[in-house]
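Here is a report on one model. It walks through sheets, a helix, cores and two buried acidic side chains.

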Amino acid sequence: MNDYAAYGLLIRSALALPELVEASTLNSASAPRPKGNADVLISISPPPDHAAADNASQDQTYATPDSAFIDYPGTAGYLITRGSEITITPTPNADDRLIRLYLLGPILALLLHQRQFLVLHSSAVSINGQTIAFVGEKGMGKSTMAAALHARGHALMADDLVAVDTRITPPLAYPGFPQLKLFPESAALLSGGDPTLLPKVHPALDKRARRTDGPFQADPLPLA
């Protein structure tokens, strides 16, 4: 099992998640303690037999207040329960990149929603001790804006997914993980070098994953 930190949570995962920060590397006072009980447990379940798979395909997506199941054909099914457990059932020969892409995107967003966070489709940086989040439709430049400010020395907080605790005043935004997903034009402009050497986030998309080498905001900050 691997211990990671994201969104103020200690995540213990049977699946290696190189995009996340290893919990043992954080020195932040508010970082999860690796030796404590995990807030989130990610496990892997073997694929069902053909008969069970046929029956499951009739009800591929559902949600209740405490449980949700989403199936991505050809990749994996994900069961999210009580904001504390994710069970992954991979499709045979599924691409690990796709399993992680869905896990760290919509699946993690659902888990955070179960934990009563307001989940924003946005990117965020920290400026003057506060969180600045950029919200917009797909392709509007959220990640590019965050990357541009990050290049100017502002710490990245999250890309694509920002979790906010609105139960306190002012609302508190929690950091995700130090990765940006950029189109090649933005990646070349902001980081130099050949963006085609960066890994694709999805085989059918031209967006590239770039792990940041600059400052990353490890502690939650008020949403400004």
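The text below takes the strands, then the helix, the cores and two loop residues.

This is a predicted model, in which local features need pLDDT of at least 70, side-chain atom pairs count only at pLDDT 80 or more, and totals for chains, interfaces and linings use all residues. Residues are numbered from 1 along each chain as its sequence is written, and side-chain values use heavy atoms, with hydrogens and water left out.

**Strands and sheets**

Helices (H or I, at least four residues) and strands (E, at least two) are DSSP runs, numbered from the N terminus. Two strands pair if DSSP finds at least two bridges between them.

One open sheet has 3 strands in the order β11-β10-β12, paired antiparallel. Its edges are β11 (130-135) and β12 (156-158); each has a single partner strand, so one side of each lacks a neighbour in the sheet. Neighbouring strands here are turned by 30° against each other on average, direction ignored. Axes are lines fitted to C-alpha atoms, for helices over the stretch in contact, and angles run from 0 to 180 degrees between N-to-C directions.

A second open sheet has 4 strands, ordered β9-β13-β14-β17, again with antiparallel pairing. Here β9 (118-120) and β17 (221-222) are the edge strands, each with a single partner, so one side of each is left without a neighbour in the sheet.

Strands β4, β7 and β8 also pair. The β4 to β8 pairing is parallel, whereas β7 and β8 run antiparallel. β7 and β8 form a hairpin with 3 residues between the strands, where Arg-82 takes a positive phi near 50°.

The table lists four pairings, each with one bridge pair.

| Strands | Sense | Bridges | A bridge pair |
|---|---|---|---|
| β10 (122-127) and β12 | antiparallel | 2 | Val-125 and Leu-156 |
| β13 (162-165) and β14 (172-174) | antiparallel | 3 | Ala-163 and Tyr-174 |
| β4 (40-44) and β8 (85-90) | parallel | 4 | Ile-44 and Ile-88 |
| β7 (76-81) and β8 | antiparallel | 6 | Ile-80 and Ile-86 |

**Helix α3**

Helix α3 (residues 142-151) lies across β10, β11 and β12 and runs at about 20° to β10. Its buried residues are Lys-142, Ser-143, Ala-146, Ala-147, Leu-149 and His-150. Buried means under 20% relative accessible area, exposed over 50%, partly exposed in between (1.4 Å probe, protein chains only). Seen down the axis of α3, the buried residues fall within an arc of 165°, so they line one face of the helix. The arc is that of the directions from the helix axis to the C-beta atoms. An α-helix has 3.6 residues a turn, so residues three or four places apart point the same way. After α3 comes Gly-153, with a positive phi near 105°.

**Nonpolar cores**

A nonpolar core is a set of buried Ala, Val, Leu, Ile, Met, Phe, Trp, Tyr and Cys residues joined through side-chain atoms within 4.5 Å. The largest has 43 residues; Tyr-7, Tyr-78, Ile-86, Ile-88 and Leu-103 touch the most other members. Helix α2 (residues 96-114) gives the most to this core, with 10 residues. Another core lies apart from it, with 8 residues, among them Phe-134, Ala-146, Leu-156 and Leu-182.

Contact means heavy atoms within 4.5 Å. Leaving out residues up to four places away in sequence, the contacts of Ile-88 include Leu-15, Ile-42, Ile-44, Tyr-78, Ile-99 and Leu-103.

**Two buried acidic residues**

Where is Glu-19 found? Glu-19 sits in the loop between β2 (9-13) and β3 (21-22). Glu-19 has a relative accessible area of 12% and is buried. Its side chain makes a polar contact with the side chain of Arg-100 (2.8 Å). A polar contact is a pair of N or O atoms within 3.5 Å; within protein, one must be able to donate a hydrogen and the other to accept it, and residues adjacent in sequence count only if both atoms are side-chain atoms. Beyond four places in sequence, Glu-19 also touches residues including Leu-104, Phe-177 and Arg-211.

Asp-159 lies in the loop between β12 and β13. At 6% relative accessibility, Asp-159 is buried. The side chains of Asp-159 and Ser-123 make a polar contact (2.6 Å). Asp-159 also touches Ser-143 and Leu-180, among others.

Leu-182 belongs to strand β15 (residues 179-182) and is buried at 1% relative accessibility. Leu-182 and Asp-159 are 23 residues apart in sequence and 10.0 Å apart in space, C-alpha to C-alpha.
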